[in-house]
Amino acid sequence: MMFALGSCSIAYTVDVLTQGSHIVFRFAKSGWFAGSAPVPVQHLWVRQLSDGQPVVWELGSIDYNGRNLRELGYGASPSKMAVKVKAQSLSVGQVYRIELLALGGGGYQQFAILPGPGAAQPITVLR
């Protein structure tokens, strides 16, 4: 007798956008599992992409099932999430990567803050 074992993982999209002068991350399931339901975030990191890839912000769920989120502002501390690394200031011209671990899968996105006119600095998503 022969059994075939397989596993599935769910891919999540992470969009990076600005709301006023704030950086906001928006989460959603992608592919066949796409929808508008909140994502059960278990862990989240923002890393500076440079030597050693230091973590500049880290959150972890205090519940094994994760914290349901649709979006999250950089540096926010939502209920049922523990701050593992306090958010550091992000630098203009530096490339960062947000990584998301959620129930059944994960996702990531790279972004940079580019110099712009005036006080607002545009966010560029790097693919």
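Val55, leaving aside its neighbours within four places in sequence, is in contact with Trp45, Val46, Arg47, Val85 and Gln88. The place of this residue is in strand β4, and in this predicted model the C-alpha atom of Val55 is separated by 9.5 Å from that of Tyr96, a residue 41 positions away along the chain. Two of the partners just named, Val46 and Arg47, offer a way into the rest of the structure, and each can be followed in turn.

Val46 touches a long list of residues once those up to four places away in sequence are set aside, among them Phe25, Pro54, Val55, Val56 and Trp57. The list also includes Tyr74, Tyr96, Arg97, Ile98 and Phe111. Val46 is, together with Phe25, Phe27, Leu44 and Ile98, one of the residues with the most contacts inside the largest nonpolar core, which has 24 residues. Several strands supply at least two residues each to this core: β1 (10–19), β2 (22–29) and β3 (39–48) do so, as do β4 (55–61), β8 (95–102) and β9 (105–113). In soluble globular proteins, nonpolar side chains tend to be buried together.

What kinds of secondary structure does the protein chain have? It has zero helices and ten strands, and reading along the sequence therefore gives an unbroken pattern of β-β-β-β-β-β-β-β-β-β. Of the 127 residues in the protein chain, 33% are buried. The accessible surface of the protein chain comes to about 7800 Å², and carbon and sulfur atoms account for 54% of that surface. Among the contacts in the protein chain with a separation of 6 or more, 49% are between residues 24 or more positions apart.

Arg47, the other partner of Val55, is found in strand β3. Not counting residues up to four places away in sequence, Arg47 touches Gln53, Pro54, Val55 and Val56, and also Val95, Tyr96, Arg97 and Glu99. With the last of these, Glu99, the side chain of Arg47 makes a polar contact at 3.2 Å, and the two residues also form a salt bridge, in which the closest N and O atoms are 3.2 Å apart. This pair links distant parts of the chain, since Glu99 is in strand β8 and Arg47 in strand β3, 52 residues apart.

Side chains of opposite charge can pair when their charged atoms come close. Glu99 has a further partner in Arg97, and the side chains of these two residues meet in a salt bridge at 3.1 Å, N to O. Arg47, Arg97 and Glu99 are thus linked in a network of salt bridges. Is Glu99 buried or exposed? Glu99 counts as buried because its relative accessibility is 17%, which lies under the cut-off of 20%. Arg97, by contrast, has a relative accessible area of 21%, so this residue is classed as partly exposed.

The structure holds three salt bridges, and one of them joins the side chains of Arg26 and Glu71, at 3.1 Å from N to O. Arg26 lies in strand β2 and Glu71 in strand β6 (residues 71–73), so this pair ties together parts that are 45 residues apart in sequence. Arg26 is partly exposed, with a relative accessible area of 35%, and Glu71 is likewise partly exposed, with a value of 34%.

Strand β3 is also the place of His43, which is buried, with a relative accessible area of 16%. Which side chain does the side chain of His43 meet in a polar contact? The partner is the side chain of Glu58, at 2.7 Å. Apart from residues up to four places away in sequence, His43 touches Glu58, Leu59, Gly60 and Lys84, as well as Glu99, Leu100 and Leu101, so that Glu99, already met as a member of the salt-bridge network, appears again among the residues in contact with His43.

From His43 the path leads to Ala102, for the C-alpha atoms of these two residues are separated by 6.8 Å although they are 59 residues apart along the chain. The place of Ala102 is in strand β8, and this residue is buried, with a relative accessible area of 2%. Leaving aside neighbours within four places in sequence, Ala102 is in contact with Tyr12, Val39, Pro40, Val41 and Gln42.

Terms used:
Residues numbered from 1 in each chain as written. Predicted model: local features only at pLDDT ≥ 70, side-chain atom pairs only at ≥ 80, totals over all residues. Heavy atoms only, no water. Core = buried A, V, L, I, M, F, W, Y, C linked by side-chain atoms within 4.5 Å. Buried < 20%, exposed > 50% of the residue type's maximum accessible area, 1.4 Å probe, protein only. Helix = DSSP H or I, 4+ residues; strand = E, 2+ residues; numbered from the N terminus. Contact = heavy atoms within 4.5 Å. Areas by Shrake-Rupley, 256 points an atom, 1.4 Å probe, with all protein chains shown as cover. Polar contact = N/O pair within 3.5 Å; in protein donor to acceptor, adjacent residues only side chain to side chain. Salt bridge = Lys/Arg side-chain N within 4 Å of Asp/Glu carboxyl O.
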